[in-house]
Amino acid sequence: MATRPLTLAAPAGARRGPGLGAGLLLLAALGLLGLCLALARGEAPGTPGPWLLGTLALLLVGAAGLRGAAQGEGRMARTLPAAGALLLALLAAEALLRAYAVPPGLIPTPSRVGAALWAARTVLLRDALTTFVYEALLGFVLGALAGLGLGLLAVRFRFLERGLLPYTALLSSVPIVALAPVVVKAIGLGWPSKTAVVAITVLFPVLLSTVRGLHSASAHHLDLLHSYAATPAQTFRVARWPAALPFVFVALRLSVTLALINAIVAEFFGTEGSGLGFRIQIEVGRFGLDIVWAAIVVASVLGVASYLLMGALERRFVPARRL
Amino acid sequence: MSAPRTSSPLLPMLAVAALALVLYWPVMLVANRGVADEALRSGADLGCGTAWQCATVLRNPVLPAPGQFAAGFRTLSTPPLAPTSAPYNALVTGSETLLGLALASVLGLGLATLLVFSRSFERATLPWLVASQTVPIVAIAPMLAVILGQYGVQGFLPKAIIAAYIAFFPVAVGAAQGLRSPDALQLDLMRTYRASAWQVFWQLRLPASLPYLFTALKVAATAALVGSIVAEISTISFSGLGKMLAENSRASDTVALWVIMVYGAALGIGLVALIGALERVVTRWRPAR
């Protein structure tokens, strides 16, 4: 919710400050980088055991660094741990994949994926435009608006709530992989069919959360407003809508990542030749796993960005809970 | 939770269903007319005169006519326990999903506890947990199956693991939100009782998280179902709704796709209903709010 996360852990090491943590992080990262460079020089070592131990030891140092760096409330303390954790994980993966000589056809090393990401950047950007903007984003907005509108209507007209809502609860349980082939068959191979799939999958959770949230206003609050002879519109504005907002945003936050993944999954049932899902499917068939992972990275960046954006909107629009 | 039910919703539900059925026929005719028209113009012999007449007998219609659907339903449902029938395959997919959901609950609750108790853990991992959810499982499912296969994990379990992978995140988010839902007043009260952190967790946070957890589990159930169906599509499978879906999609048997979609929907509804029943049992002791 909008309240600050209440952590129970004692702020141990708070006095040492983030400086020591950042130092340990840097130490671990440099150590892992050294391992990677040493492995890059020659052939894969015959006995990977020592390399594994070295990597694990450096990861432990890094974890201690992360713990220190996460203390405090500054901008650094909020972004450094996530960035540091990613950096350590990537370097450790690179070192281990090289030490164990895992074939790139099974799991490519992060550096190979990075090279593929750069080499295929124009193609991937065009794919991202189709999948993210036309399919996921447009579908999400359409689905969320439809869900909100239907939710408001359902609460306004009891007949609709009682007659329609049970079905929406049922329909929201339709698995998207079963829905996608039918919709693609009905609307066609272009991006609108994927937009429709995304909109349908976003609509139901938003609708259900809206109705549930509008009913969640406290009875005391409603009684009080009733005793003030508040009009239904006033009651809605003062009590029902603020009570509904947290529910609506939970649904939106969960749907926004699902929208992207659903757009990608829907693309597996036929496209006109662009989109991240199309790219992944084509390249898996050609064992171009570095491009596959590059497409996955693009999808993940977009997914995280939209999730963070929803979080920011939630903090902006959901009133902080008061006592 | 919701407003008091004054009467059964059966009558409004029936009214809406009747309206939908009445509207379906003309929509279906209009939707199929174009395809029928095209087929007729290309010279195919459909055994019917005009595009309007052909709209109900197409082999791969945009929307199936009710008669077609019923016939397809009968063929795919009998005998119910044959390896090629939809009910049997739905049962297989359902059990994979339940196992995956159980794995996801354990993983999600553990993760939520860590997220709530350790801010450094939250800050270091939450963005990447979110990122992990945007990884299309269809792409990693075959790789995961190969890697798991190398360690002797085959058949049922890889599908459950892939289902758990897609389902754990809603559970973790919902549980974390629930664990944080007690407000400062309640936490202060616990403090005046000199409750330990563990007691606050066990007696205040965990019970308070249950409504959130069950809401999340319902989302996770459909997600897990998607996971197991996708896993069946992308790994070598001999049973399950995903296998049927892949086969009929390749054969472009549209009516069969509709029938399988209905079975998938029924399975999803059944799973959510199961969790709803579980919720009522578990939260029975909670006083009405």
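In this predicted model, B:Met261 touches A:Val174, A:Ala178, A:Leu179 and A:Val182, leaving aside residues up to four places away in sequence. B:Met261 also belongs to the largest nonpolar core, which has 72 residues. Within that core, B:Met261 is one of four residues that touch the most other members. The others are A:Val177, B:Leu101 and B:Leu241. A second core is separate and holds 38 residues. Among them are A:Phe140, A:Ala263 and A:Ala299, together with B:Val135.

The interface between the two chains was examined next. Chain A contributes 66 residues to the contact, and chain B contributes 70. The size of an interface is often expressed as the accessible area that is lost when the parts come together. Here chain B and chain A bury about 6,200 Å² between them. Carbon and sulfur atoms account for 71% of that area. On the side of chain B that touches chain A, 47 residues are nonpolar, 16 are polar and 7 are charged. The rule finds 0 salt bridges across this interface. Polar contact across the interface links 4 residue pairs, with both residues at pLDDT 80 or more.

Aromatic rings were then searched for over the whole structure. The search gives 9 aromatic pairs over all chains. In one of them, A:Phe236 and A:Trp241, the ring centres lie 6.0 Å apart. The planes of these rings meet at 25 degrees, so the pair counts as stacked, the limit for stacking being under 30 degrees. A:Phe236 has 31% relative accessibility and therefore counts as partly exposed. A:Trp241 is also partly exposed, because its relative accessibility is 27%. Chain B provides another aromatic pair, B:Tyr165 with B:Phe168. Their ring centres are 6.4 Å apart, with 50 degrees between the planes, and this pair is tilted.

Notes: Residues are numbered from 1 along each chain as its sequence is written. Chains are lettered from A and ligands numbered from 1 in the order in which they are written. This is a predicted model: local features need pLDDT of at least 70, side-chain atom pairs count only at pLDDT 80 or more; totals for chains, interfaces and linings use all residues. Side-chain values use heavy atoms; hydrogens and water are left out. Contact means heavy atoms within 4.5 Å. Buried area is the accessible area (1.4 Å probe) that two parts lose on being put together, summed over both. A salt bridge is a side-chain nitrogen of Lys or Arg within 4 Å of a carboxyl oxygen of Asp or Glu. A polar contact is a pair of N or O atoms within 3.5 Å; within protein, one must be able to donate a hydrogen and the other to accept it, and residues adjacent in sequence count only if both atoms are side-chain atoms. Ala, Val, Leu, Ile, Met, Phe, Trp, Tyr, Cys and Pro count as nonpolar, Asp, Glu, Lys and Arg as charged, and the others, Gly among them, as polar. A nonpolar core is a set of buried Ala, Val, Leu, Ile, Met, Phe, Trp, Tyr and Cys residues joined through side-chain atoms within 4.5 Å. Buried means under 20% relative accessible area, exposed over 50%, partly exposed in between (1.4 Å probe, protein chains only). Rings of Phe, Tyr and Trp (its six-membered ring) pair if their centres lie within 6.5 Å; planes under 30 degrees apart count as stacked, over 60 as edge-to-face and the rest as tilted.
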